[in-house]
Amino acid sequence: MNFSSKLLENAVAEFGKLPGVGQKTALRLVLHLLKQSDADVARFTASIDRLKEDIQYCQECFNISDHSICEICASFKRDKSLICVVEDTRDVMAIENTNSYQGVYHVLGGLISPMDGIGPADLKIEGLINRIQRGEVEEVILALSATMEGDTTIFYLYRKLREFDVKITTIARGIAFGGELEYVDELTLGRSIATRVPYERNVG
C-alpha cells in the first residue's frame with residue numbers, strides 16, 4: 001500500500017498491530033481519527049495513556065481493576081467461599097453478564113501451553129493456593145475454555161488442589177470442545193455454571 005504521508009503510514013502501522021486489524025481496517029480507523037475534532041482525539045489518546053499508566057491488577061484475584069482490590073473482591077455481597085478460576089478478564093466479564101454467579105474469581109492470566117512456552121510458573125497459581133490455605137474457601141470452580149490447553153490446566157490445578165479440603169468442580173460441558181468462554185452465549189454459560197459437576201467424575 002502506497003501512502004501519501006509518512007505520518008499516515010506510521011499511524012496505520014501502529015493500528016495494524018492490534019489483534020484482528022488488517023492494513024485496510026487500520027487505514028480506515030486512522031482516516032476516521034483525522035476527521036474528528038482535536039478535543040475528541042485528545043480524549044482518545046488520553047484514555048490510552050491512562051490505561052497504561054493507571055490500570056492495576058487486583059491483589060486478591062488478579063483481575064484488571066482501577067484499585068488495588070477490585071469491586072468484586074471488595075463487595076460484601078459476594079460469597080468469598082466460592083472461587084471461580086478463569087483464564088483472563090474477558091471470562092470474568094462473560095460470567096458476570098450471566099447474572100447467575102455470586103462468588104468471587106481468580107484470574108490465572110493464561111493457560112498452560114508448552115507449545116507457546118507457557119508453564120505453571122507463568123500463571124497466578126500460587127496466588128490461588130494462598131487463598132485456599134486461609135481456610136475460607138469451600139469450593140473452586142474450574143471455568144476454563146474447552147480446549148486442549150484448558151483441559152491441561154484444569155488437570156494440573158486438580159492435582160495441586162486435591163490435597164486441600166475444598167470441593168473442586170468444573171462447568172458443565174454444554175460448551176463445544178475448542179470453545180472459549182467469552183464467545184459462549186450468556187444463557188448457555190449461566191447454565192454451565194449452575195449445573196457444574198465435581199471434577200473427580202471426569203478423571204478416568
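Me: What makes a stretch of this predicted model count as a helix or a strand?

Reply: Helices (H or I, at least four residues) and strands (E, at least two) are DSSP runs, numbered from the N terminus. E87 belongs to the loop between β3 (79-86) and α5 (89-96).

Me: Why is E87 said to have no salt bridge?

Reply: A salt bridge requires a side-chain nitrogen of Lys or Arg within 4 Å of a carboxyl oxygen of Asp or Glu. The nearest side chain of opposite charge, R90, is 4.9 Å away from E87, and therefore the criterion of within 4 Å is not met. E87 is nevertheless buried, and its contacts include V107, L108, L144 and S145.

Me: Why is L189 called buried?

Reply: The relative accessible area of L189 is 1%; buried means under 20%, so the term applies. L189 is located in helix α8 (residues 186-194). Its C-alpha lies 9.5 Å from that of N97, with the two positions 92 residues apart in sequence numbering.

Me: How do you know that C61 is not in a disulfide with C70?

Reply: A disulfide is a pair of cysteine sulfur atoms within 2.5 Å. The closest cysteine sulfur to that of C61 belongs to C70, at 3.7 Å, and is therefore too far for a bond. C70 is likewise in no disulfide, its nearest cysteine sulfur being that of C73, 3.7 Å away. The structure holds 0 disulfides.

Me: What makes C61 and C70 buried?

Reply: Their relative accessible areas are 2% for C61 and 5% for C70, and buried means under 20%. An unreviewed UniProt entry annotates residues 58-73 as "zinc finger region: C4-type". The end C-alpha atoms of residues 58-73 are 8 Å apart.

Notes
Residues numbered from 1 in each chain as written. Predicted model: local features only at pLDDT ≥ 70, side-chain atom pairs only at ≥ 80, totals over all residues. Heavy atoms only, no water. Buried < 20%, exposed > 50% of the residue type's maximum accessible area, 1.4 Å probe, protein only. Lys, Arg positive; Asp, Glu negative; His and termini not counted. Contact = heavy atoms within 4.5 Å. UniProt positions renumbered as here; feature names shortened; annotations may be inferred. Lists of a residue's contacts leave out its neighbours within four places in sequence.
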